[in-house]
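Reader: Hello! I am new to this structure and would love a close look at one part of it. Could you walk me through it in a connected way?

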Amino acid sequence: MKFNGPTTLAVAFTVAALSGLAPRAGYAEEEGPTLAHRYCVKCHEIAPGVKPETPLNPAAPSFVTIAKDPQKFPESKIAAVLTNPHAKMEPFAFTADERQSLIAYIKGLAK
Ligand code: HEC
């Protein structure tokens, strides 16, 4: 597992992942959380308590909020966000597999 972010976040995240928050889908289980940690945690709370002290954009909803409100955040909306960077995110180009891993990870947080 590779993390680019601060070690404390990596540790916090690993603990969260080990305690069962990681999705149990057919994808590489670690890919979703790893990508979220690399690209999303700068603005979003990507798992309970896993967030930057000073988010680049505090308007970003937490991933648990997104996971628990499929009416407001249907899968198509998450997929759209992953195709076109939003809210001044740095540019990225996810593969279809990476998008699926991130979506599976976020949806897994609803449990
Ligand atoms: C630079 C800050 C920033 C980064 C980085 C970022 N987001 Fe966001 N995101 C936001 C903000 C702000 C909003 C709410 C306003 C908006 O939709 O533009 C948002 C909204 C969303 C939404 C809801 C979309 C909607 O239409 O309501 C999803 C899903 C989402 N982000 C997923 C992600 C994922 C997955 C990543 C990592 C790959 C990510 N974001 C990275 C700032 C960010």
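Reader: To set the scene, what percentage of the residues of the protein count as buried? After that, please take me to helix α5 (residues 96-108).

Author: Happy to! Please keep in mind that this is a predicted model. Of the protein's 111 residues, 28% count as buried. The secondary structure consists of five helices and zero strands, so the pattern along the sequence reads α-α-α-α-α. Among contacts between residues at least 6 apart in sequence, 62% join residues at least 24 apart.

Now to the helix you asked about. Ala104 is one of the residues in helix α5, which covers residues 96-108. Ala104 is buried, because 20 other C-beta atoms lie within 10 Å, and 20 or more is the cut-off for being buried. In sequence, Ala104 and Glu75 are 29 residues apart, yet their C-alpha atoms are 9.5 Å apart in space.

Ala104 also takes part in a meeting of two helices. On one side are Glu31, Gly32, Pro33, Leu35 and Ala36 of α2, and on the other are Glu98, Ser101, Leu102, Ala104 and Tyr105 of α5. By class, this contact of α2 with α5 has six nonpolar, two polar and two charged residues. How do the two helices lie? The axes of α2 (residues 31-39) and α5 come within 8 Å and cross at roughly 90°. The two helices are therefore roughly perpendicular to each other.

From that crossing we can move on to the core. In soluble globular proteins, nonpolar side chains tend to be buried together. Here, the largest nonpolar core has 18 residues, and those with the most contacts inside it are Ala36, Cys40, Ile46, Phe63, Leu102 and Ile106. Each of α2, α3 (63-68) and α5 supplies at least two residues of this core, and the largest share, five residues, comes from α5. Two of the names should be familiar: Ala36 and Leu102 also appear where α2 meets α5. As for Ile106, leaving aside neighbours within four places in sequence, its contacts are Phe63, Ile66, Ala67 and Ile78.

One last stop is the ligand. A shell of 21 residues surrounds the ligand, and the closest are Tyr39, Cys40, Cys43, Ala60 and Ala87. Cys40 is thus a residue you have already met, among those with the most contacts inside the core. By class, the shell has 15 nonpolar, three polar and three charged residues. Its largest share, four residues, comes from helix α4 (residues 75-83).

How values were computed:
Residues numbered from 1 in each chain as written. Predicted model: local features only at pLDDT ≥ 70, side-chain atom pairs only at ≥ 80, totals over all residues. Near = placed C-beta within 6 Å. Nonpolar A, V, L, I, M, F, W, Y, C, P; charged D, E, K, R; others polar. Buried ≥ 20, exposed ≤ 12 C-beta atoms within 10 Å, placed from the backbone. Contact = placed C-beta atoms within 7 Å. Axes fitted to C-alpha atoms, helices over the stretch in contact; angles between N-to-C directions. Parallel < 35°, antiparallel > 145°, perpendicular 65-115°, else oblique. Core = buried A, V, L, I, M, F, W, Y, C linked by C-beta atoms within 7 Å.
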